[in-house]
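Colleague: I would like to learn how to read a model like this one, feature by feature. Where do we start?

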Amino acid sequence: MVATILYVEDNPQNMRLVRKMLNSAGYQVIEAEDGMSGYQAIIDLRPDLVLMDVNLPDIDGLEVTARIKSLPDYAGIPMLALTANAMHGDRERCLEAGCDGYIPKPVTKNELLSGVAYYLEQAERRKV
Ligand code: MN
């Protein structure tokens with residue numbers, strides 16, 4: 001079964017890079033370029049995992065995460081934050097907002113794919 005991953009990201013270069021990494025591992029990628037369309041894509045399409053940029057043009061990625069995690073039907077979808085601001089307490093802010101995990105930018109292929117595989121497997125186990 002091919003896992004579907006939603007990537008919410010407003011920077012086209014990051015989008016291209018991460019999509020390429022995910023496609024190379026066989027994942028199907030859905031894209032959203034701002035917070036509200038990301039939120040709506042989660043509700044409508046129910047991806048297996050969400051990669052969430054933090055700084056977005058409308059509502060930020062942490063706000064989207066908090067809203068999704070407040071919905072019992074969607075709270076089980078793993079949500080991983082991607083952010084460049086790794087030094088300023090962002091990890092704590094992400095976890096407080098309800099993110100399951102955290103991947104620092106610049107993203108390396110190895111970190112991305114091992115993180116994604118880990119959280120997909122965790123979510124799969126919770127279903128059984
Ligand atoms: Mn951004």
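Modeller: With a pair of strands. This is a predicted model. Strand β4 (residues 79-83) is joined to β5 by four bridges, and the two run parallel.

Colleague: Which residue in β5 is the bridge partner of Leu80?

Modeller: Gly101 is the partner of Leu80.

Colleague: What is the order of the strands in the sheet?

Modeller: The order is β2-β1-β3-β4-β5, five strands in an open sheet with parallel pairing. β2 (28-32) and β5 (101-104) each have a single partner strand, so they stand at the edges and one side of each lacks a neighbour in the sheet. On average, neighbouring strands of the sheet are turned by 25° against each other, direction ignored.

Colleague: Which strands does helix α2 lie across?

Modeller: Helix α2 (residues 35-45) lies across β1, β2, β3 and β4, and its direction is at about 165° to β1.

Colleague: How do I judge whether a residue in a strand, such as Thr4 in β1 (residues 4-8), is buried or exposed?

Modeller: Use relative accessibility, where under 20% means buried. Thr4 has 15%, so Thr4 counts as buried. Leaving aside neighbours within four places in sequence, Thr4 is in contact with Gln28, Ile30, Pro47, Asp48 and Leu49.

Colleague: And two packed helices?

Modeller: Two packed helices are described by the angle between their axes and the distance between the axes. Here the axes of α1 and helix α5 (residues 109-127) come within 10 Å and cross at roughly 60°. That makes α1 oblique to α5. The crossing of α1 past α5 is right-handed.

Colleague: Which residues of α1 and α5 meet?

Modeller: On the α1 side they are Val18, Met21, Leu22 and Ser24; on the α5 side, Lys109, Leu112, Leu113 and Val116.

Colleague: Last, the metal. What are the protein donors of the manganese ion?

Modeller: Start with atoms and distances, then go to the sequence. The protein donors are Asp10 (OD), Asp53 (OD) and Asn55 (O), at 2.0 to 2.2 Å from the manganese ion. The spacing of these donor residues in sequence is D-x42-D-x1-N. Asp10 and Asn55 link distant parts of the chain, 45 residues apart: Asp10 is in the loop between β1 and α1 (12-24), and Asn55 is in the loop between β3 (49-53) and α3 (61-69).

Colleague: How does the accessibility of Asp10 read, and that of Asn55?

Modeller: Asp10 has 36% relative accessibility and therefore counts as partly exposed. Asn55, at 49%, also counts as partly exposed, because the exposed class begins over 50%.

How values were computed: Residues are numbered from 1 along each chain as its sequence is written. This is a predicted model: local features need pLDDT of at least 70, side-chain atom pairs count only at pLDDT 80 or more; totals for chains, interfaces and linings use all residues. Side-chain values use heavy atoms; hydrogens and water are left out. Buried means under 20% relative accessible area, exposed over 50%, partly exposed in between (1.4 Å probe, protein chains only). Contact means heavy atoms within 4.5 Å. Donors are N, O and S atoms within 2.8 Å of the metal (3.2 Å for Na, K and Ca); water is not among the atoms, so sites may look incomplete. Two strands pair if DSSP finds at least two bridges between them. Axes are lines fitted to C-alpha atoms, for helices over the stretch in contact, and angles run from 0 to 180 degrees between N-to-C directions. Angles under 35 degrees count as roughly parallel, over 145 as roughly antiparallel, 65 to 115 as roughly perpendicular and the rest as oblique. A crossing is left-handed if the near helix is turned anticlockwise from the far one by less than a right angle, and right-handed if clockwise.
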